[in-house]
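Me: Please take a close look at how the helices pack in this model, and at the shape of the helices that take part. I would like one connected account rather than a list.

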Amino acid sequence: MGTFFQNITQIFQTHGLAFLQASWITIEITAVSLVFATIIGLIFAFFKISGNIVLQKIADIYIILIRGTPLIVQLMFLYYGISNLVTLSDFTAGALALGIHLGAYIAEIFRGAIQSIDRGQMEAARSLGMPYSLAMRRIIFPQALKRAIPPLGNQFIIGLKDSALVAYIAVTELFNTALSVQGENYMPFETYFVVGVYYLILVFIFTLILNKVEAKLDTGRSKTKKSQGEVRAV
């Protein structure tokens, strides 16, 4: 056990800076992929709830293909496919491939959140002469977004951990760095233990941020309900 902790200390001392730099790259590629995924998810969520059967089928095919195949297969397929069409850096291609993967799950989250809002609200808005797009933007979607925050948060954390797979397309993030370090020191167990600690810290920080966002939204809802109750009492 003493040797184990000595090896851990040695890895932190020797490669701590490299892991910190790799952690930043992991954060960057996760953030970029989540932006892509959110945009893609919104587009396909609206395809799913649209009245256009062609758009619905396109969304269904996309979601079935993504959810029905392993992420590593999609990553390799999309990475080499994108690289054959346009010249992109490993980072950009990896972020885009991850975004396409995560977008299928985010699309379903948005679809479920939007459809969970009472249809009467949309009908009331349309009866007042409000266009569908305006009613969706001002009435339905803000409520749906609040309901989507918890599952979106979970999906974002999954995206952070899934970003480890971009190591296989040469992006020098945390897991790729661990592969290189253990190849140098021949201490795979200790090295993967260290990288696991870094991932755990990142997930912990991300979870704290998401919890604060959820708490702020809950506070806003509580104040709104309180104000509505005071109005009714008057």
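Reply: In this predicted model, helix H1, which covers residues 2–49, packs with helix H6, residues 132–162, at an angle of about 140°, and the two axes lie 11 Å apart. Since angles over 145 degrees would count as roughly antiparallel, this value makes H1 oblique to H6. The crossing of the pair is right-handed. On the H1 side the contact is formed by Thr26, Thr30, Leu34, Thr38, Leu42, Phe46 and Ile49, and on the H6 side by Tyr132, Met136, Phe141, Phe156, Gly159 and Leu160. Sorted by class, the residues of this contact are nine nonpolar and four polar, with no charged residues. In an α-helix there are 3.6 residues a turn, so residues three or four places apart point the same way.

Neither partner should be pictured as a straight rod, as the following spans and bends show. H1 contains 48 residues, yet its end C-alpha atoms are only 59 Å apart, whereas a straight helix would reach 70 Å at 1.5 Å a residue. A kink of about 70° occurs in H1, with its centre on His15. H6, with 31 residues, likewise falls short, its end C-alpha atoms being only 37 Å apart against the 45 Å of a straight helix at 1.5 Å a residue. H6 has a bend of about 45° at Ile149, and a proline, Pro150, follows within four residues.

H1 also meets helix H4, which runs over residues 90–115. Here the axes of H1 and H4 come within 5 Å and cross at roughly 45°, an angle that makes H1 oblique to H4. H1 passes H4 in a right-handed crossing, and the residues of their contact comprise 22 nonpolar, seven polar and four charged.

H4 in turn packs with helix H3, residues 71–85, at an angle of about 130° and with the axes 9 Å apart, and H3 and H4 are therefore oblique to each other. The crossing in which H3 passes H4 is right-handed. From H3, the residues Leu71, Gln74, Leu75, Leu78, Tyr79 and Ile82 meet Asp90, Ala93, Gly94, Leu96, Ala97, Leu98, Ile100 and His101 of H4. The contact of H3 with H4 has ten nonpolar residues, three polar and one charged.

As for its own shape, H4 has 26 residues and spans 37 Å from its first C-alpha to its last, which is close to the 38 Å expected at 1.5 Å a residue. There is nevertheless a kink of about 30° in H4, centred on Gly103.

One further site, in another helix, can be added to this picture. Gln182 has its place in helix H7, residues 174–185, and its C-alpha atom is separated by 8.0 Å from that of Tyr192, ten residues apart along the chain. Leaving aside residues up to four places away in sequence, Gln182 touches Met187, Pro188, Thr191 and Tyr192.

How values were computed. Residues are numbered from 1 along each chain as its sequence is written. This is a predicted model: local features need pLDDT of at least 70, side-chain atom pairs count only at pLDDT 80 or more; totals for chains, interfaces and linings use all residues. Side-chain values use heavy atoms; hydrogens and water are left out. Axes are lines fitted to C-alpha atoms, for helices over the stretch in contact, and angles run from 0 to 180 degrees between N-to-C directions. Helices (H or I, at least four residues) and strands (E, at least two) are DSSP runs, numbered from the N terminus. Angles under 35 degrees count as roughly parallel, over 145 as roughly antiparallel, 65 to 115 as roughly perpendicular and the rest as oblique. A crossing is left-handed if the near helix is turned anticlockwise from the far one by less than a right angle, and right-handed if clockwise. Contact means heavy atoms within 4.5 Å. Ala, Val, Leu, Ile, Met, Phe, Trp, Tyr, Cys and Pro count as nonpolar, Asp, Glu, Lys and Arg as charged, and the others, Gly among them, as polar. The expected span of a helix is 1.5 Å times one less than its number of residues. The bend at a residue is the angle between axes fitted to the seven residues ending there and the seven starting there.
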